[in-house]
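Work through these exercises with the structure open beside you. Try each task before you read its solution.

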Amino acid sequence: MTQGAVSRWSDRPSRFWKANRRRIAEGAASIALLVVLLIGWEILSRVGFFHRVILPAPTDIWRDLISLVTADFFAVNFWTTIWELAAGFVLGAGGALVGGVVVATLPTLKRILYPYIIAFQNLPKIVLAPIFITWFGFGPESKIAMAVVICFFPTFINTIVGLESVDPQAVRLMYSFRATRWQTFRLLAFPHALPVIFAGLKTSLTFAIIGALVGEFVGARIGLGHLITAYNFQLRTTYVFALILIVSALGLALYLAIAWLERRIVFWHRGPEL
């Protein structure tokens with residue numbers, strides 16, 4: 001290895017630090033803030049500032065979190081909720097994507113349906129949970145239906161907005177090249193709308209989790225929402241907080257999966273970084 005190559009290799013850590021200094025500093029500050037908050041929370045809980053039933057100490061929550069995830073009954077409850085939110089997201093977001101494309105490409109249909117779309121969007125979806133229990137029973141079907149209804153509209157609205165935001169001059173340019181409507185949609189409109197559509201998919205995924213849990217709160221014999229309700233009635237607050245951490249971690253993992261997929265598919269677009 002030549003001396004120049006050795007020099008370039010030894011300079012790599014310093015170049016990496018210079019290029020990512022701000023991001024590293026912000027990450028370190030975020031972690032430091034979390035540590036300070038957890039220490040303060042732990043101290044206030046230990047000295048009795050918070051009653052342990054109302055706000056237990058982080059170490060107690062962590063202890064019961066380990067106990068919970070290693071219990072025999074946890075896996076079946078966890079995977080039941082995963083199945084409900086996954087099925088609800090695929091059906092709801094998939095139907096929203098197809099429906100948004102149809103409505104955006106048929107302006108007359110949009111004008112006919114739009115008042116009903118707005119009215120249903122403004123309906124608090126949680127009021128439908130008891131109806132779905134009556135229709136579909138206490139099994140996973142009612143939770144999937146709840147997830148579908150809640151996660152439908154973000155992707156539906158974003159698909160319409162994204163497709164309608166295409167520059168008309170770009171559309172006319174495609175037609176001047178003798179492109180068909182399908183080619184214009186496939187090569188121009190849909191790629192242009194993808195960043196907006198993925199923003200809707202991220203929101204829909206979050207809503208799918210909410211829908212599945214709300215359905216389990218209203219009536220279920222199994223699932224993470226069922227466990228939260230049961231432990232809450234038993235005043236076992238540490239287990240409730242442990243389940244909240246699990247749901248939060250699940251939501252974050254699924255969000256990062258969608259973000260990774262977006263970077264792979266919409267590789268030409270870079271939105272603002274968090």
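The exercises below go from the whole chain to single residues.

**Before you start**

This is a predicted model, in which local features need pLDDT of at least 70, side-chain atom pairs count only at pLDDT 80 or more, and totals for chains, interfaces and linings use all residues. Residues are numbered from 1 along each chain as its sequence is written, and side-chain values use heavy atoms, with hydrogens and water left out.

**Exercise 1. Confidence**

Task: Find the mean pLDDT of the chain, and the elements with the lowest and highest mean values.

Solution:
- Step 1. Recall the term: pLDDT is the predictor's confidence in each residue, from 0 to 100.
- Step 2. Take the chain: its mean pLDDT is 83, and 91% of the residues reach 70 or more.
- Step 3. Go through the elements. Helix H1 (residues 3-46) has the lowest mean, 71. H3 has the highest, 91.
- Step 4. Keep a caution in mind: where pLDDT is low, predicted coordinates should not be read in detail.

**Exercise 2. Fold and overall form**

Task: Count the helices and strands, then decide whether the chain is more or less spread out than a compact globule.

Solution:
- Step 1. Helices (H or I, at least four residues) and strands (E, at least two) are DSSP runs, numbered from the N terminus.
- Step 2. The count gives 10 helices and 0 strands. Along the sequence the pattern reads α-α-α-α-α-α-α-α-α-α.
- Step 3. The radius of gyration is 24 Å, well over the 19 Å that the globule rule gives for 274 residues, so the chain is more spread out than a compact globule. This radius is taken over C-alpha atoms, and the rule is 2.2 Å times the number of residues to the power 0.38.
- Step 4. Add the box: along the principal axes, the C-alpha atoms fill roughly 75 × 75 × 35 Å.

**Exercise 3. Burial and contacts**

Task: State what share of the residues is buried, and what share of the contacts between residues at least 6 apart joins residues at least 24 apart.

Solution:
- Step 1. Buried means under 20% relative accessible area, exposed over 50%, and partly exposed in between (1.4 Å probe, protein chains only).
- Step 2. By this cut-off, 36% of the 274 residues are buried.
- Step 3. A contact means heavy atoms within 4.5 Å. Among contacts between residues at least 6 apart in sequence, 70% join residues at least 24 apart.

**Exercise 4. Two residues of helix H3**

Task: Asn77 and Trp83: is each one buried or exposed, and what does each one touch?

Solution:
- Step 1. Place them. Asn77 is in helix H3 (residues 74-105). Trp83 is in helix H3 too.
- Step 2. Asn77 has a relative accessible area of 5%, so it is buried. Trp83 has 52%, so it is exposed.
- Step 3. List contacts, leaving out residues up to four places away in sequence. Asn77 touches Ile222, Gly223, Leu224, His226 and Leu227. Trp83 touches Pro140 and Ile144.
- Step 4. Check one distance. Trp83 and Pro140 are 57 residues apart along the chain, yet their C-alpha atoms are separated by 8.4 Å.

**Exercise 5. Ser45 and Ile117**

Task: Work out why Ser45 and Ile117 count as buried, and name their contacts.

Solution:
- Step 1. Ser45 lies in helix H1. Its relative accessibility is 2%, so it counts as buried.
- Step 2. Beyond four places in sequence, Ser45 touches Phe50, Arg52, Leu55, Pro56 and Ala57. Ser45 and Pro58 are 13 residues apart in sequence and 8.7 Å apart, C-alpha to C-alpha.
- Step 3. Ile117 belongs to helix H4 (residues 107-121). At 10% relative accessibility, Ile117 also counts as buried.
- Step 4. Beyond four places in sequence, Ile117 touches Phe153, Phe156 and Ile157. The C-alpha atoms of Ile117 and Phe156 are 9.9 Å apart, with the residues 39 apart along the chain.

**Exercise 6. Helix H10 and the loop before it**

Task: Where do Glu262 and Leu235 lie, and is each buried or exposed?

Solution:
- Step 1. Glu262 is in helix H10. With a relative accessible area of 14%, Glu262 is buried.
- Step 2. Its contacts, beyond four places in sequence, are Pro195, Phe198, Lys202 and Phe267.
- Step 3. Leu235 lies in the loop between helix H9 (224-233) and helix H10 (237-265). Its relative accessible area is 59%, so Leu235 is exposed.
- Step 4. Look at the backbone: phi of Leu235 is near 60°, a positive value in a residue other than glycine.
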